[in-house]
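Here is a short report on a predicted model. Please look at the structure below before reading on.

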Amino acid sequence: MHLEKKNHFVKKISSVSIVTYRMFMMALFMAVFFMYFWISDDAYQGYVQVVNLVENGVFGYNAIERINTSTCILFEFLMIPLYYVFRDLFLSAFIIHTITNGIALYILLFKLCKTKACVVSSGVVLLGSYYFMSFCSSGLENSLIFMLGAIFINMYTSTEEWSYRKIIGLVLIDSCLL
């Protein structure tokens, strides 16, 4: 009797589609991301430049000095239009991190993972990594780097044919990572 219930449970789980697994892992990841979103102190050094550009027209740490203190100017250039619209650094960073993490997770779960086991193991590894979950919502450029890395791996593994366009695309993504 007990063995029949176990077999029924295994059959029921194995009949669930891979899309359901993907959506569940994505929802679980985003729930954890939303619960633990924070901005580190280091991020505010770059955010000062965003504020100075929008408010004073100077892209620098001090409005009177032309010194750049950023670790990732690409991330700051994504922040500028959002800060211009909302005038809130936390909300601007939250929007950027939600979009970039969502794209990276979509590429991982829907493009790179082909089996249920891959989806579940990838989700467990990401959710179990304290440092990954912490840095994907730290206010720094890490989520952008994760997204660019996922795009790079997806482009690299998508086909064996290498056209001139694909090589240029990989070089551009790689240069954004640096």
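## Arg87 and its salt bridge

Arg87 is partly exposed, at a relative accessible area of 42%. That value lies between the 20% limit for buried and the 50% limit for exposed, so Arg87 falls in the middle class.

The side chain of Arg87 forms a salt bridge with that of Glu55, at 2.7 Å from N to O. This pair links distant parts of the chain. Arg87 sits in the loop between α4 and α5 (89–112), while Glu55 belongs to helix α3 (residues 43–56). The two are 32 residues apart. Glu55 is also partly exposed, with a relative accessible area of 43%. Across the whole structure, the search finds 1 salt bridge.

## The nonpolar patch

Tyr84, Val85, Phe86 and Leu91 make a nonpolar patch on the surface. The patch covers about 400 Å². Helix α4 (residues 73–86) gives the most to it, with 3 residues.

Val85 is found in helix α4. Its relative accessible area is 58%. Val85 counts as exposed because this value is over 50%.

## Cysteines

How many disulfides does a search of the whole structure find? The result is 0.

Are Cys113 and Cys136 buried or exposed? Cys113 is buried, with a relative accessible area of 1%. Cys136 is buried as well, at 0% relative accessibility. Both count as buried because their values are under 20%.

Note on methods
Residues are numbered from 1 along each chain as its sequence is written. This is a predicted model: local features need pLDDT of at least 70, side-chain atom pairs count only at pLDDT 80 or more; totals for chains, interfaces and linings use all residues. Side-chain values use heavy atoms; hydrogens and water are left out. Patches are made of residues with over 30% relative accessible area and no salt bridge: like charges are joined within 9 Å, nonpolar side chains (Val, Leu, Ile, Met, Phe, Trp, Tyr) within 5 Å. Accessible areas come from the Shrake-Rupley method with a 1.4 Å probe; for residues, only the protein chains shown count as cover. A salt bridge is a side-chain nitrogen of Lys or Arg within 4 Å of a carboxyl oxygen of Asp or Glu. Helices (H or I, at least four residues) and strands (E, at least two) are DSSP runs, numbered from the N terminus. Buried means under 20% relative accessible area, exposed over 50%, partly exposed in between (1.4 Å probe, protein chains only). A disulfide is a pair of cysteine sulfur atoms within 2.5 Å.
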